[in-house]
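Trainee: Could you take me closely through a single part of this model, and then relate that part to the rest of the chains?

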Amino acid sequence: MTNETFTGHKGLQLEVPLLFEEGSYEKAGVDLPQPSGTKSRLGDQGAEHAPHLPAFTEPQAMRHFVRLSQKNYAIDMGIFPLGSCTMKHNPRLNEKMARLPGFADLHPLAPEKTAQGALALIHELQDWLCELTGMPAVAMSPKAGAHGELCGMMAIRAAIVAKGEEKTRTRVLVPESAHGTNPATAVQCGFTVDKLPGTEDGRVDLEAMKAKLGDDVAAIMVTNPNTCGLFERDIRAMADAVHEAGGYFYCDGANFNAIVGKARPGDLGVDAMHINLHKTFSTPHGGGGPGSGPTVLSDALAPFAPIPAVVKEGETFRLIEQEEGDFADSFGRMVAFHGQMGMFVRALSYMLSHGADGLRKVGEDSVLNANYVRVRLAEEMTQGYPGPCMHEALFSDKWLKDTGVGTLDFAKAMIDEGFHPMTMYFPLVVSGAMLIEPTETESKASLDEFCDSLLGLAKAAKAGETERFKNAPYFAPRSRLDETKAARQPKLRWVEPEEGAMAAE
Amino acid sequence: MRYLPLTDADRQAMLATVGVETIDDLFSDVPKDALNPDLKLPDHKGEFEVERHLSAYAKKNHAAGDGPFFAGCGAYRHHVPATVDHIIQRSEFLTAYTPYQPEIAQGTLQYLFEFQSQVAELTGMEVANASMYDGSTATAEAALMARRITKRNKVVMAGGLHPHYAEVVRTNEELIGDTVLQAPATPGAGAVLDMIDDETSCVIVQSPDVFGFLRDLEGITEKAHARGALVVAVVTEAVSLGLLKSPGSQGVDIVVGEGQSIGNALNFGGPYLGLFAARQKHIRHMPGRLCGETVDADGRRGFVLTLSTREQHIRRDKATSNICTNSGLCALAFTVHMSLMGGKGLREVATLSHESACKTADALEAIDGVEVLNDTFFNEFTVRLPKNASQVVDSLAEQGIIAGVPGGRLWPGREETENLLIIAATELTQDSDIKALASALRAAV
């Protein structure tokens, strides 16, 4: 039996040409009324021809995109243990709610009176977020986690400007283990970045941090639980120290899932923290967004919150769209309109479903699941740092030493086992890092299958079965892709082949 | 607890495996007095209870489809084929992460490549990225990109740039000490040219602009390039690209825009879809994800995220932007809708939208005291009313008509614009809607 087929398809594994190769310039998938031939008012700005883009009829479109979808791994198919990404189950009730015409078919500039329900929903979500974080205020407009970071750091910058210290407070302290967005955000706000070293047990080195504090420090940006999956046990001392030095504490809330319902950043001395609704509060990640990054603010920063904001006056909800009243000192607008309404509906749907009791269980089960995986895998793999973890378990590549198998190879072999790999080579403070976040929506049976498989692979690596790893994955829609070629000769769009070039190939 | 699979027996067994007695032993690093706070929030609810709670909110809103509807200004109500929503709810698209493992994410990567190709073609540019949050943040990122390329620190914005976009640019640029200038927001005025000098990094021009006027991008580009400044063209109504000369064909350097109006619902302002297109020579200065074609180890075509040395997860404090998560699923909705229309279908939708707007303008021009200000427009135009437009919009809303966006909403407290009403139409606008608007407006003024 040959491995080749006449079509190039392999059973259920169907090859998909590009839209530009199978689409048509004659037929389309929409039927529209005839234009009436009204006189144009385009002046001299009208184009002579339609854009040169092909179309599908509806059945062709369905097939093209469904076939494409089948080349993706997804949380609905199995565990998606990307550390710091919180890939949990996305309830479909949330999708249904977000599509109610009262939300989905509502214009952002509709008169306030006609959008009271939407404003009321945002207001209720604000209450939930403030209560869950123990913070007095929340800015709803940030569009994603990194945008929330920008919001928090902009508020910090505005507070510093208000004190007349913008010329001197220019340095931001960021741990080596931080997400790349942290230093990038600080720089985008005009700050310089200074690295904070870690301790041997994977936390921020408090003494080293204190030594770096001074009247030129604007803020610290610390993730908690941190990117090693550990709770910063000195968090209050860190907050006190930075406050004493006249700076602010930005907390990266990417890992809030571990402590939701269990502990509140507001009780720990934090001044600002973004919340990824697409992580902790189950809005789908959508293959790269949309996200939503509401940012909670302390009393010290609340006056500088961005506009717009939703407030309640008596029984009426108002949208504050200019710098007035309580928002006179706002740092301004960071987005058109009012944030990710579609994500707000989904997140509130999720919060209402879980309630206070359920959300606490979310935090607990996410931590329990991670520790269970940690302990089981520690049989063969080396933990990044000793002791229990929060919602994600970190391993180094020490246990792979001399096997000829690296973290990347191991991860690619996981694909053949039917799993999405964990986060790799991050955080940077651990050699060949493997960061596993199972989330609370995995069952014990699912975790056992995952652990059994990884332990099997680990033993195989140690037994010298390098072939299983070196060219993995073998059973995916594609084998390893040439990323160097992609970067050296960037081909970022379809280009019509020259006449006859196809035949010559 | 329908989303939590662990049973109590599982939990006990797992705690034993982990080697602790209670779950709180795993939270021992949390300060004792901060652990298990008393939350003043309700307990869990079943599915129909949640549905009831949220539906009550939804019912209090007047949806665009509930009556005659003429609002635009950066968010447009076009028809979205049923196929689009079905595809974007496929589990494999909806519940996937950013495609970091290309071997098992070719579905996402290939549609991103198709999306980039569509956006590049529509804008008339050489390359496009895999999306930004929305049009306004894409505009701010374009200004930052122009700053990197020109090493200059002054942004000039046309008066017809959507005021929210202008504010977002200002918020971002002023953080780093740059100068931001904007020409006055006056319908039809073209004062921006006098403001370009040898320190200008870029000129930001929207066309159709916020008042609906079509701008001559070619003329502006010529002047800007003569002073060494780049031109950023902003498109807030993506459907216009089906009927108008592309910004790229008029020589601009960067095109940014809002892609919502293709494939995506109004959603009260988000999630939306930022479009970002540029010239090939500037790709290493671009923000955001880029998807590129390559081959796998067996020589088969495949796609990967590429040129990531521009990005925060590699370059950290030297990245071109801090953006990470963007608008992947909204880009899919755009791609599916575009692939159903093709270039020809888009031109038809654009033509129908333009005709709806022309008919609306004709009907309103016949009303005493209502003045249409535009000499040119695509599907949106501005009228001057003899009284405050916000009051008129509110009174028409009482009658179930969303008449448009009043000047007072976009430029609060500014007298020159408070009698202005900006009116948009699309292929969904019916003759009966236009009649209803005209007769209500006649009565109101």
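Mentor: A convenient place to begin is a pair of facing residues: V156(B) stands opposite V203(B) in β4(B). The model is a predicted one, in which local features need pLDDT of at least 70, side-chain atom pairs count only at pLDDT 80 or more, and totals for chains, interfaces and linings use all residues. Residues are numbered from 1 along each chain as its sequence is written, while chains are lettered from A and ligands numbered from 1 in the order in which they are written.

The names of the elements follow DSSP runs, numbered from the N terminus: helices are H or I runs of at least four residues, and strands are E runs of at least two. Strand β4 of chain B spans residues 200–206, and four bridges join it to strand β2 (residues 154–157) of chain B, the two running parallel. Two strands are said to pair if DSSP finds at least two bridges between them. Within this strand pair, M157(B) has I204(B) of β4(B) as its bridge partner. Helix α6 (residues 135–150) of chain B packs on the sheet, where it touches β2, β4, β5 (230–235), β6 (254–258) and β7 (274–278) of chain B. Contact here requires C-beta atoms, placed from the backbone, within 7 Å of each other. The direction of α6(B) makes about 165 degrees with that of β6(B); axes are lines fitted to C-alpha atoms, for helices over the stretch in contact, and angles run from 0 to 180 degrees between N-to-C directions.

Strand β4(B) also pairs with β5(B), in the parallel sense and over five bridges. The bridge partner of V205(B) in β5(B) is A233(B). Between these two strands the chain passes through helix α8 (residues 217–226) of chain B, and the resulting β-α-β crossover is right-handed. That term applies if, with the strands pointing away from the viewer, the path from the first strand over the helix to the second runs clockwise. As for burial, β4(B) is mostly covered, with seven of its seven residues buried. A residue counts as buried if 20 or more other C-beta atoms lie within 10 Å of its own, as exposed if 12 or fewer do, and as partly exposed in between, with C-beta atoms placed from the backbone.

These strands belong to an open sheet of seven strands with mixed pairing, in the order β1-β7-β6-β5-β4-β2-β3 (chain B). Its edge strands, each pairing on one side only, are β1 (127–128) and β3 (179–182) of chain B. The loop between β6 and β7 of chain B holds P271(B), and the peptide bond joining G270(B) to P271(B) is cis, with omega about 5 degrees.

Beyond the sheet, H313(B) lies in helix α9 (residues 312–315) of chain B. H313(B) is classed as partly exposed because 15 other C-beta atoms lie within 10 Å. Its C-alpha atom is 9.6 Å from that of I323(B), and the two residues are 10 apart in sequence.

The UniProt record, an unreviewed entry, places "domain: Glycine cleavage system P-protein N-terminal" at residues 1–440 of chain B. UniProt positions are given in the numbering used here, with shortened feature names, and annotations may be inferred rather than shown by experiment. Over residues 1–440 of chain B the chain is 36% helix and 13% strand, with the end C-alpha atoms 51 Å apart.

Chain A offers a second sheet to set beside the first. Three strands form an open sheet with antiparallel pairing, in the order β10-β12-β11 (chain A). Its edges are β10 (393–395) and β11 (423–424) of chain A, each pairing on one side only. Three bridges link β10(A) to strand β12 (residues 434–436) of chain A in the antiparallel sense, and L394(A) faces L435(A) in β12(A). In the loop between β11 and β12 of chain A lies P427(A); the peptide bond from F426(A) to P427(A) is cis, with omega near 0 degrees.

Finally, the contact between the chains takes 174 residues from chain A and 169 residues from chain B. Helix α10 (residues 341–377) of chain A gives the most to the side of chain A that touches chain B, with 21 residues.

Notes:
Contact = placed C-beta atoms within 7 Å.
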